[in-house]
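Reader: I would be grateful for a close look at one part of this model, namely the helix that comes first in your account and the core around it. Please treat the neighbouring elements in one connected answer.

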Amino acid sequence: MTDRPDAPPVRQLRLVVEAEDYDVALAFYRDLLGLPQEAAFTGEGDARVAILDAGRATLEIANPAQKRMIDDVEVGRQVAPPLRVAFEVADADAVTTALVDGGAHLVAPPVRTPWNSLNARLEAPAGLQITVFQELGAEAPRSPADDDRTT
């Protein structure tokens with residue numbers, strides 16, 4: 001199990017994503033989004049994998065009502081598949097622009113959420129729908145309706 005009795009039994013979360021266009025997906029997530037490459041392996045038959053460091057990992061379990069609410073806040077309609085990947089970034093506006101310039105499809109521009117983050121939704125390589133979000137700090141949370149952003 002673990003070396004320490006008080007340590008959690010899981011040490012790392014890895015989300016394994018099959019990408020038909022491996023090179024495009026790798027360039028997007030490693031080079032554009034900036035996930036550092038920890039390792040890469042090759043095998044028979046052109047088998048390739050890259051392990052990218054995504055920082056601290058969490059597994060967010062949401063019921064259907066919560067999923068619908070997040071879609072409503074971030075996008076204004078129901079669009080998310082059962083699996084969506086979210087990445088915390090330092091500047092949601094800049095990262096969103098860079099990812100769109102790099103080939104991602106913008107589903108919804110950055111919007112201030114009721115939980116006080118700036119979230120954008122994109123369709124990214126390897127068939128993933130992603131959210132990039134920026135935590136805004138200790139400011140008082142605002143409703144998305146209060147935000148007059150036009151980006």
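**A close look at the packing**

Author: A polar contact is a convenient place to start: the side chains of Arg112 and Asn116 are joined by one of 3.2 Å. Arg112 belongs to strand β4, which spans residues 105-112. With a relative accessible area of 9%, Arg112 is buried, because the cut-off for that term is under 20%.

Before the helix itself, a word on confidence is in order. The model is predicted, and its chain has an average pLDDT of 90, with 89% of the residues scoring at least 70. Residues 140-151 have a pLDDT below 50, and in the model this stretch makes 19 contacts beyond near neighbours in sequence.

Helix α1 runs over residues 22-32, and its buried residues are Tyr22, Ala25, Leu26, Phe28 and Tyr29. These residues lie on the same side of α1, because the arc they cover around the axis is only 165°. The elements against which they pack are β1 (37-43), β2 (47-52), β3 (85-88), α3 (92-101), β5 (117-124) and β6 (128-135). After α1 comes Gly34, which has a positive phi near 90°.

The aromatic residues of this helix deserve separate attention. The count of aromatic pairs comes to two. In one of them, Phe28 and Tyr29 meet edge-to-face, with 4.9 Å from centre to centre and 80° between the planes. Both Phe28 and Tyr29 are buried. Tyr29 also forms a pair with Phe87; this pair is tilted, with 6.4 Å between the centres and 40° between the planes. It links distant parts of the chain, since Tyr29 is in helix α1 and Phe87 is in strand β3, 58 residues apart. Tyr29 has a relative accessible area of 8% and Phe87 one of 12%; each is therefore buried, the limit being under 20%. Through these ring pairs Phe28, Tyr29 and Phe87 are linked into a cluster.

The same three residues reappear in the largest nonpolar core, which has 20 residues. Those with the most contacts inside this core are Phe28, Tyr29, Leu33, Phe87, Leu99, Ile130 and Val132. At least two residues of the core come from each of α1, β3, α3, β5 and β6. Strand β5 gives the most, with four residues. Leu33 illustrates how these parts meet: apart from its neighbours within four places in sequence, Leu33 is in contact with Phe28, Phe87, Val89, Val95, Leu99 and Val132.

Two of those partners, Val95 and Leu99, lead to helix α3. The buried residues of α3 are Ala92, Val95, Thr96 and Leu99. They share one side of α3, because they cover an arc of only 100° around the axis. What covers them includes α1, β4, β5 and β6. Helix α1 thus appears in the cover of the buried residues of α3, just as α3 appears among the elements against which the buried residues of α1 pack.

The ends of α3 complete the description. At the N-terminal end, Asp91 caps the helix, with a side-chain oxygen 3.2 Å from the backbone nitrogen of Asp93. Just after α3, Gly103 takes a positive phi of about 120°. A glycine with positive phi therefore follows α1 as Gly34 and α3 as Gly103.

Conventions: Residues numbered from 1 in each chain as written. Heavy atoms only, no water. pLDDT = per-residue confidence, 0-100. Contact = heavy atoms within 4.5 Å. Buried < 20%, exposed > 50% of the residue type's maximum accessible area, 1.4 Å probe, protein only. Arc of directions from axis to C-beta. Phe/Tyr/Trp six-rings, centres within 6.5 Å; stacked < 30°, edge-to-face > 60°. Core = buried A, V, L, I, M, F, W, Y, C linked by side-chain atoms within 4.5 Å. Polar contact = N/O pair within 3.5 Å; in protein donor to acceptor, adjacent residues only side chain to side chain.
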